[in-house]
Amino acid sequence: MKPKQERATRRLANFLDAAAELFAEIGYEAATMTAIAERSGSGIGTLYHYFPDKQSMALALLNQYAKKIEAHWKPLTEQTETLSHTAFAETFLERITEFLRERPAYLKLLTAPIRFSRDPGARRALRVAIANAFRAKAPSLTNEKAMLAANITLQIVKGMTTLYAEAGPGEKPLIITEYKKALTLYLGSVLSEDERPPKERQR
């Protein structure tokens, strides 16, 4: 990478880090482009060169977070075949809550009074990855059923994340516990048709 590109990449990351800090501290609505520029140590003109408005910064952050959360999930989806549906549900939600705790700006953006549209291709790729993991666990699942199960699983996760974002500190662990129960019951109905280890299934 050329020095000029490296500087641009660092500056972009610096702007997004500053935006994330401010969104986490005071919320999306209260944060301003001027405050983000000041926090990053750059001029407002330079910031506008990279981002036309605050919404574009929020969307860039959300896309960045989406890639990171998928990286959190990928190792787990590769282990689905060897995990019980209970262990899968619990670990799946634990990884999400760990991600949420590490990135408080994500929660603030989820509750912001504005809808951010993610790339449809990226959303579909995530559903396909989860559906494939479910089919590895339950080979009798059709493609259609596996995709439906992946969609419902992600909607359960979305519901938990929304409640988690709005909850007080004392309520957050209770919400996680209840959603673990819900996801475990759902995945049990979908994936537990044959809970025997793969070697025993082949006999």
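**Helix H9 and the salt bridges of an all-helix model**

Leaving aside neighbours within four places in sequence, Leu-183 touches Ala-89, Phe-92, Leu-93, Thr-153 and Ile-156, where contact means heavy atoms within 4.5 Å. The model is a predicted one, so to speak of local features takes a pLDDT of at least 70, and side-chain atom pairs count only at pLDDT 80 or more, while totals for chains, interfaces and linings use all residues. Residues are numbered from 1 along each chain as its sequence is written, and side-chain values use heavy atoms, with hydrogens and water left out.

Leu-183 sits in helix H9, which runs over residues 172-191; helices here (H or I, at least four residues) and strands (E, at least two) are DSSP runs, numbered from the N terminus. With a relative accessible area of 0%, Leu-183 is buried. That label means under 20% relative accessible area, with exposed set at over 50% and partly exposed in between (1.4 Å probe, protein chains only). Leu-154 is 29 residues from Leu-183 in sequence, and the C-alpha to C-alpha distance between the two is 10.0 Å.

Thr-184 has its place in helix H9 too. At a relative accessible area of 14%, Thr-184 is buried. With neighbours within four places in sequence set aside, the contacts of Thr-184 are His-85, Thr-86 and Ala-89. Ala-89 thus turns up in the contacts of both Leu-183 and Thr-184.

Helix H9 also carries charged side chains. Glu-178 and Lys-181 meet there in a salt bridge, at 3.0 Å from N to O; the term stands for a side-chain nitrogen of Lys or Arg within 4 Å of a carboxyl oxygen of Asp or Glu. The two residues both lie in helix H9, 3 residues apart, or about one turn of the helix. Glu-178 counts as partly exposed at 44% relative accessibility, and Lys-181 is partly exposed as well, with a relative accessible area of 46%. Elsewhere, salt bridges that share partners join Glu-21, Glu-25 and Arg-39 into one network.

Now for the details of that network. The side chains of Arg-39 and Glu-21 pair up at 2.9 Å, N to O. Arg-39 belongs to helix H2 (residues 33-40) and Glu-21 to helix H1 (residues 3-26), so this salt bridge ties together parts that are 18 residues apart in sequence. Glu-25 forms a salt bridge with Arg-39 too, the closest N and O atoms being 2.9 Å apart. Here the link again joins distant parts of the chain, with Glu-25 in helix H1 and Arg-39 in helix H2, 14 residues apart. Arg-39 is partly exposed, at a relative accessible area of 35%, and Glu-21 is partly exposed at 38%. By the rule used, the count comes to 5 salt bridges.

As for the whole protein, there are 10 helices and 0 strands. The C-alpha trace spans about 70 × 45 × 25 Å along its principal axes. Of the 203 residues, 39% count as buried. Among contacts between residues at least 6 apart in sequence, 67% join residues at least 24 apart. The protein exposes about 11400 Å², and carbon and sulfur atoms supply 54% of that area; accessible areas come from the Shrake-Rupley method with a 1.4 Å probe, and for residues only the protein chains shown count as cover.
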